[in-house]
Amino acid sequence: MQSATGKSILGGIAIGPLCIYQREESVFSAISSLTPEEELARFEGARLKAMEQLGGLYEKALDEAGEESAAIFEIHRMMLEDGDYLDAVKGVIEGQNATAERAVTIAGENFAAVFEAIEDPYMQARSADIRDISRQVVNILLDSGDGEMLKGQPAILAADDLTPSETVQLDKSRLLGIITRYGSSSSHTAILARAMNIPALIGVDFDSSWDGKTAVLDGYSGCVYIDPAPGLLSEMEQRHQGDLKRESLLQDLKGKPNITLDGREIKVCANIGSAGDVNLALQNDAQGIGLFRSEFLYLDTEDSPTEEQQFAHYKQVVEAMDGKRVVIRTLDIGADKQAPCFHLEKEENPALGYRAIRISLTQKKIFKQQLRAILRASAFGTVSVMFPMIISVQEVREAREVLEECREELEDQGIAVGKVEVGIMVETPAAVMIADELAEEVDFFSLGTNDLTQYTLAIDRQNPRLDRFCDPHHPAVLRMIRQAVEAGHRHNCWVGLCGELGADQALTETFLRMGLDELSVSPGAVLPLRKLIRGLDLREENNP
Ligand code: PEP
Ligand code: MG
């Protein structure tokens, strides 16, 4: 087995023979035997034909990749109408007695070089578009095409690079994936591959001897394997099947409201553990991030993350979610989650120890750093802040005071801050018992059933020996959830659930009947849950 790595353009797995495509170099004479007028007429004919072809490519891209991607070909058409470009071609034909092919190539290269010299990577990537246009006109002049790129069979295409027109012309029903040696992630080819949902890697140093061999393209890790070992192949096949299943669910559900047969609506959001997970949430059409476990920034590091580092991560997630709500939970370390930078002492009962909000309220400098980063990120979308492990009204008030202090400081510094909802995790029996009082202090509750179950049943969630005693459907836990929902609603709080129980499909109907407003689950559980919800009928006559 051989392998190579590259930069992933789109996650996803492709399995099939590798097909190496090599563009044929166009051969033409530089000096024309025709008059400049005749060459200009040849150029004009080819230009008009290229415009017509671009119209066809626009339609195909519109169909397969959407309007934004198809706009590339509108830009190409505009280039072919650009006065400077046309003058440049004319100048070479007249000044050098050149063939139209030669003039188009020289003018295209000169324009591409101008774009390449601009510092902005997006503008640099446009040079490939100009070369693409020139090549198309030259092909028309020579009456030649790109030939059959996939050699007749479904395959993963490998090429030094691909132009947007080559990418769109590929027969998508036979294209399994793309790897290129060159190209940038902002090139239009990359944009098209993403929009067409084709797993793709760039910057892969592939070997010409790999042509025709079985390959696995792992768009998640950025690896391509040639002649994969049987174990790896079957693992990848399984993951690929999982992707296909998710994809078909997605096609069924995308854009459809998340509503039961009798009209009850509920949000299904995703839990994420790092900024890197946000793509998974988007791929699964999550309606928001119901729980962003922010502690990942503090784990495995000796130094606590700076405000700037935290801000950059939060902003990335908030921007990616594009206006959908992102609930950022403040630091929840201690117990099973240890962060070396806090130098926490060993405790007799860590689950009942110095953790979560207790740490934040005693180490205010660190707490403020995090809250400032969250508030700053809130200027870029819809952000809610959530405090973990709350057991008293006093804790909520104290945490809110620190939040207000941070907001005032930022405003004094002239730094933009958005409107931020404030909520708490309801994950202790104490919080459930005083849920009415707590609800008066906040905008929302999120039920943390992992901890709520452990504290209600007095069962350590880390101890596998206790599994047989742990009934997640225990009536005590379900009654706690119901009480919290009812108390929240009495005080106009929305109530979500972000513990593992949210993905337990045996309880979905119960949760809907309780009136939960949101379920937040791991990204992979979002679509199956949405499908289930859309098939439920909660009318009383159907209540078992
Ligand atoms: C929970 O306790 O249910 C929860 C969502 O938080 P964590 O699992 O991070 O403690
Ligand atoms: Mg918890």
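Me: Between which strand and which helix does Cys 498 lie?

Reply: This is a predicted model, and in it Cys 498 sits in a loop that runs from strand E15 (494–497) to helix H18 (508–514).

Me: Is Cys 498 buried or exposed, and how should I read the percentage?

Reply: A residue is called buried when its relative accessible area is under 20%. Cys 498 has a relative accessibility of 1% and therefore counts as buried.

Me: Which residues does Cys 498 touch, once residues up to four places away in sequence are not counted?

Reply: Its partners on that count are Asn 271, Leu 291, Met 425, Ser 446, Leu 447 and Ser 520. One of these, Leu 447, is also listed among the residues with the most contacts inside the largest nonpolar core. For a separation along the chain set beside one in space, take Cys 498 and Cys 269, which are 229 residues apart in sequence while their C-alpha atoms are separated by 8.8 Å.

Me: How many residues does the largest nonpolar core have, and which have the most contacts inside it?

Reply: That core has 84 residues, and those with the most contacts inside it are Phe 387, Leu 447, Ile 481, Phe 511 and Leu 516. A second core, separate from it, has 52 residues and includes Ala 61, Ile 72, Met 79 and Leu 80.

Me: Which residues is Phe 387 in contact with, leaving aside its neighbours within four places in sequence?

Reply: The list for Phe 387 includes Thr 330, Ile 357, Phe 367 and Leu 371, together with Ala 399 and Arg 400, and also the run Val 422, Gly 423, Ile 424 and Met 425.

Me: Where does Val 317 lie?

Reply: Val 317 is part of helix H10, and because its relative accessibility is 0%, it counts as buried. Beyond its neighbours within four places in sequence, Val 317 is in contact with Ile 272, Ala 275, Val 278, Ile 289, Phe 292 and Val 326.

Me: Which protein donors does the magnesium ion (ligand 2) have?

Reply: The donors are Glu 427, through OE, and Asp 451, through OD, and they lie 2.1 Å from the ion. The two come from distant parts of the chain, with Glu 427 in the loop between strand E13 (420–426) and helix H14 (429–433) and Asp 451 in helix H16 (residues 449–457), 24 residues apart. Water is not among the atoms, so a site of this kind may look incomplete.

Me: Why are Glu 427 and Asp 451 counted as buried?

Reply: Glu 427 is counted as buried because its relative accessible area is 2%, and Asp 451 because its own value is 4%.

Me: What is the relative accessible area of Asn 450?

Reply: Asn 450, also in helix H16, has a relative accessible area of 18% and so is buried. Apart from neighbours within four places in sequence, Asn 450 is in contact with Arg 293, Arg 461, Gly 499 and Glu 500.

Me: Is Ser 304 buried, partly exposed or exposed?

Reply: Partly exposed is the term for values between the limits of 20% and 50%, and Ser 304, with a relative accessible area of 30%, is therefore partly exposed. Ser 304 is placed in the loop between strand E10 (289–293) and helix H10 (307–321), where it touches Cys 341 and Gln 369, not counting residues up to four places away in sequence.

Me: What sign does phi have in most residues other than glycine?

Reply: Most residues other than glycine have a negative phi. In this model, His 343 has a positive phi, near 45°, and Met 389 likewise has a positive one, near 60°.

His 343 is found in the loop between strand E11 (325–329) and helix H11 (357–362), and it counts as exposed because its relative accessibility is 62%. Met 389 lies in the loop between strand E12 (382–387) and helix H13 (393–412), and is buried, since its relative accessible area is 1%.

Me: How many helices and strands are there in the protein?

Reply: There are 19 helices and 16 strands, in a protein of 544 residues of which 49% count as buried. Of the contacts with a separation of 6 or more, 69% are accounted for by residues 24 or more positions apart, and the C-alpha trace spans about 95 × 55 × 50 Å along its principal axes.

Methods
Residues numbered from 1 in each chain as written. Chains lettered and ligands numbered in written order. Predicted model: local features only at pLDDT ≥ 70, side-chain atom pairs only at ≥ 80, totals over all residues. Heavy atoms only, no water. Core = buried A, V, L, I, M, F, W, Y, C linked by side-chain atoms within 4.5 Å. Buried < 20%, exposed > 50% of the residue type's maximum accessible area, 1.4 Å probe, protein only. Contact = heavy atoms within 4.5 Å. Helix = DSSP H or I, 4+ residues; strand = E, 2+ residues; numbered from the N terminus. Donors = N, O, S within 2.8 Å, 3.2 Å for Na, K, Ca; no water.
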